[in-house]
Amino acid sequence: VPAGRQRSRFLAVGFYDKTVRILSLESDSLLAVVARQALTVEPTSLAFADMHATGQHHFADGGATAAATTLFLNIGLHSGVLQRSVVDSVTGELSDTQTRFLGTRPVRLIRVQAHGSNAVLALSSRSWLMYNYQSQFKTMPLSTDPFEGVSNFSSEYCPDGIVAVSSNLLR
């Protein structure tokens, strides 16, 4: 939910017809389709995330910095591919779509916190963390067995903690 608002402007819904639709949550146009994106395979997971935009919104590290945050829609696909699109914060239109192969299993997305800001954990045959660090967008593989389930937590000693299940072990 954006700062100063009581609810989000948009809702993203993935369909088995290989599309994702952005629906309005504004009271005057409730559930109206404001954007649609065709996909190559069925979506398995969706996650909105407000993050700093880098240069041209590429997955690669580096690039120019941006002072403001951008709303991104992350789409996990059944084929192990992640699609990441910029969402216009006023109209809900999708643009600047980037794709990346993450693994051989369908991609599941979990919103977490990293370095005190929004991040997304992508789970496939390998786990990936997408986060901002020093005003740059980073996508990093995690050096661990693949996670089956993840949740974030916060404590006095670990303000940005993540607990995960991997191979029947709690990590």
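Me: In which order do the four strands of the open sheet run?
Reply: The pairing in this sheet is antiparallel. Strands are DSSP runs (E, at least two residues; helices, H or I, at least four), numbered from the N terminus. The model is predicted: local features need pLDDT of at least 70, side-chain atom pairs count only at pLDDT 80 or more, and totals for chains, interfaces and linings use all residues. The order is E8-E9-E10-E11.

Me: Which strands stand at the edges?
Reply: Each edge strand has a single partner strand, so one side of each is left without a neighbour in the sheet. The two are strand E8 (108–114) and strand E11 (136–141).

Me: By how many degrees are neighbouring strands of this sheet turned against each other on average?
Reply: Axes are lines fitted to C-alpha atoms (for helices over the stretch in contact), and angles run from 0 to 180 degrees between N-to-C directions. Here direction is ignored, and the average is 25°.

Me: Over how many bridges do E9 and E10 pair?
Reply: Two strands pair if DSSP finds at least two bridges between them. Leu 123 stands opposite Ser 127 in E10. Strand E9 (residues 117–123) and strand E10 (residues 127–133) run in the antiparallel sense, and their bridges number four.

Me: Which residue forms a salt bridge with Glu 26?
Reply: A salt bridge needs a side-chain nitrogen of Lys or Arg within 4 Å of a carboxyl oxygen of Asp or Glu. Residues are numbered from 1 along each chain as its sequence is written, and side-chain values use heavy atoms, leaving out hydrogens and water. The pair links the loop between strand E2 (19–24) and strand E3 (33–38) to the segment before E1, 17 residues apart. The closest N and O atoms are 4.0 Å apart, and the partner is Arg 9.

Me: Is Arg 21 buried or exposed?
Reply: Buried means under 20% relative accessible area, exposed over 50%, partly exposed in between (1.4 Å probe, protein chains only). Arg 21 forms a salt bridge with Asp 17, the closest N and O atoms 3.1 Å apart. Asp 17 is partly exposed at 46%. At 17% relative accessibility, Arg 21 is buried.

Me: What accessible area do Leu 11, Leu 30 and Leu 31 have together?
Reply: Leu 11 lies in strand E1 (residues 10–15) and is partly exposed at 33% relative accessibility. Patch residues have over 30% relative accessible area and no salt bridge; like charges join within 9 Å, nonpolar side chains (Val, Leu, Ile, Met, Phe, Trp, Tyr) within 5 Å. Areas come from the Shrake-Rupley method with a 1.4 Å probe; for residues, only the protein chains shown count as cover. The three form a nonpolar surface patch of about 280 Å².
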